[in-house]
Amino acid sequence: CFGMIGALLGNLAGAVVPAACSGLMLRGFGRRVAIEPGLRWRACRFAFNTWLAMLVSMIVWSRSEVFFLERYWGVHEVALFTVALTMAVAVQQVAQLFSGVFLPHFSGLAGAGRQALMQRHYAMATKFMALMVFPLSLGGAAVCPALVPILFGPTFAVTIPNAMVLTVTAALSFSLIGSALIYAKERSGFIAIGGGAGALLSIAASLLVIPQHGVWGAVWCRLLIQSSMIGITLWFITRRLHVAFPFRALGRMLLAAGLCAVAAWCVIRVVPQPLVALGMAVPLGAAIYALGVRMFHALDADEAFQLSRLADRLPVDCRRWILALVHWMAFTS
């Protein structure tokens, strides 16, 4: 009945209740034990920094380029960019679902003072995330020439190069584990400051590049700025938080995902029928990726054991095949 205004007000109303409850808890209402002033100050500072970080980061990680494309080029360019971005968003959503549990997990470890275990779990979770998103992003980019016309029609075939670049950019989703670690360490102020700098850089790049280069300029601006933000985040984690990052393991996984993408790309280029090409490229790329992980020793025994524990939650039929695959990838002869 109320259109966009109703949607905004409904979303706001949904946020008011938990915000009010949180405020009452901080003030000590409904609790027999009062919260210490120091803890209350830490909670308020964390909440403010997190709110500010998410606000400014939305400019870098959402679809802010749409505003400039519509302003300088029109709705046609917006449609091309949105279709291209859809492929990347699918990979990012998988990463977000996987990473959501790590903020409370890292917070519990930080509160208990278990720094060594936090370091170990951070490295392992980052590797698991990369193990999942690297083949999805690189392999997904390789099959875009066949997949985009199937999903959106031949009219949008012109946006295939944009979709490929943006889908590759989705590989940066492995950094969500690092963001959870920074929040758990109560250093969300860094994300707020870094996100603010990234937002200013994104706006400046959009004003300078998009008016001249349209969608292609928006795609590359997004890739370069987001890559820069990830680089700064990794520097902060390794230098300021003194947490080691598994560069070698991720390099091996990236190489295996590259082989997966090359194999899928070759099939797409050789087979003219898009559906047939996809039916061949996806399983071949998955097989090449599993082989690459095994050849490059990207998984060790402990990580394979943890993956096996996760697989125990799956149905019996799926579990047997996944356990066999994990064992084969990790334990090389």
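**Helix packing and nonpolar cores**

Right after helix 8 comes E186, a residue with a positive phi, near 60°. The model looked at here is a predicted one, and helix 8 is a handy place to start reading it. Seven of the nine residues of this helix are buried, so helix 8 is largely enclosed by the rest of the structure. The buried ones are I177, G178, A180, L181, I182, Y183 and A184. As for what surrounds them, these residues pack against helix 2 (37-61), helix 4, helix 5, helix 6 and helix 9.

One of those partners, helix 5, deserves a closer look. Two packed helices are described by the angle between their axes and the distance between the axes. For helix 5 (residues 102-111) and helix 8 (residues 176-184), the angle is about 40° and the axes are 8 Å apart. The two helices are therefore oblique to each other, and their crossing is right-handed. On the helix 5 side, the contact is made by F102, L103, F106, S107 and A110, while helix 8 brings I177, A180, L181, Y183 and A184. Sorted by type, the residues of this contact come out as nine nonpolar, one polar and no charged.

Helix 3 and helix 4 make another pair. The axes of helix 3 (residues 65-72) and helix 4 come within 8 Å of each other, crossing at roughly 155°. That makes helix 3 roughly antiparallel to helix 4, since angles over 145 degrees count that way. Here E65, V66, L69 and E70 from helix 3 meet E77, V78, F81 and T82 from helix 4. This contact splits into four nonpolar, one polar and three charged residues.

Helix 7 (residues 160-169) is another element tucked away inside: seven of its ten residues are buried, so helix 7 is largely enclosed by the rest of the structure. I160, N162, A163, V165, L166, T167 and T169 make up the buried set. They pack against helix 4 (75-99), helix 6 and helix 9.

Next come the nonpolar cores. The largest of them has 85 residues, and F106, Y122, F134, F174 and L299 are the members with the most contacts inside it. Helix 6 (residues 115-152) supplies the largest share of this core, with 16 residues. Another core, of six residues, lies apart from it and includes V60, A205, C221 and M229.

Y122 gives a good feel for the largest core, being among the residues with the most contacts there. Leaving aside residues up to four places away in sequence, Y122 touches F106, I177, G178, L181, L234, I237, V243, A244 and F245. Two of these names will be familiar from the pairing of helix 5 with helix 8: F106 sits on the helix 5 side of that contact, and I177 on the helix 8 side.

I225 takes the story to helix 9 (residues 188-240), where this residue has its place. With a relative accessibility of 8%, I225 counts as buried, the cut-off being under 20%. Its contacts, again not counting residues up to four places away in sequence, are V60, G198, L201, S202 and A205. Of these, V60 and A205 are among the members of the six-residue core. I225 and F134 are separated by 91 residues in sequence and by 19 Å in space, C-alpha to C-alpha. F134, for its part, is one of the residues with the most contacts inside the largest nonpolar core.

Key. Residues are numbered from 1 along each chain as its sequence is written. This is a predicted model: local features need pLDDT of at least 70, side-chain atom pairs count only at pLDDT 80 or more; totals for chains, interfaces and linings use all residues. Side-chain values use heavy atoms; hydrogens and water are left out. Axes are lines fitted to C-alpha atoms, for helices over the stretch in contact, and angles run from 0 to 180 degrees between N-to-C directions. Helices (H or I, at least four residues) and strands (E, at least two) are DSSP runs, numbered from the N terminus. Angles under 35 degrees count as roughly parallel, over 145 as roughly antiparallel, 65 to 115 as roughly perpendicular and the rest as oblique. A crossing is left-handed if the near helix is turned anticlockwise from the far one by less than a right angle, and right-handed if clockwise. Contact means heavy atoms within 4.5 Å. Ala, Val, Leu, Ile, Met, Phe, Trp, Tyr, Cys and Pro count as nonpolar, Asp, Glu, Lys and Arg as charged, and the others, Gly among them, as polar. A nonpolar core is a set of buried Ala, Val, Leu, Ile, Met, Phe, Trp, Tyr and Cys residues joined through side-chain atoms within 4.5 Å. Buried means under 20% relative accessible area, exposed over 50%, partly exposed in between (1.4 Å probe, protein chains only).
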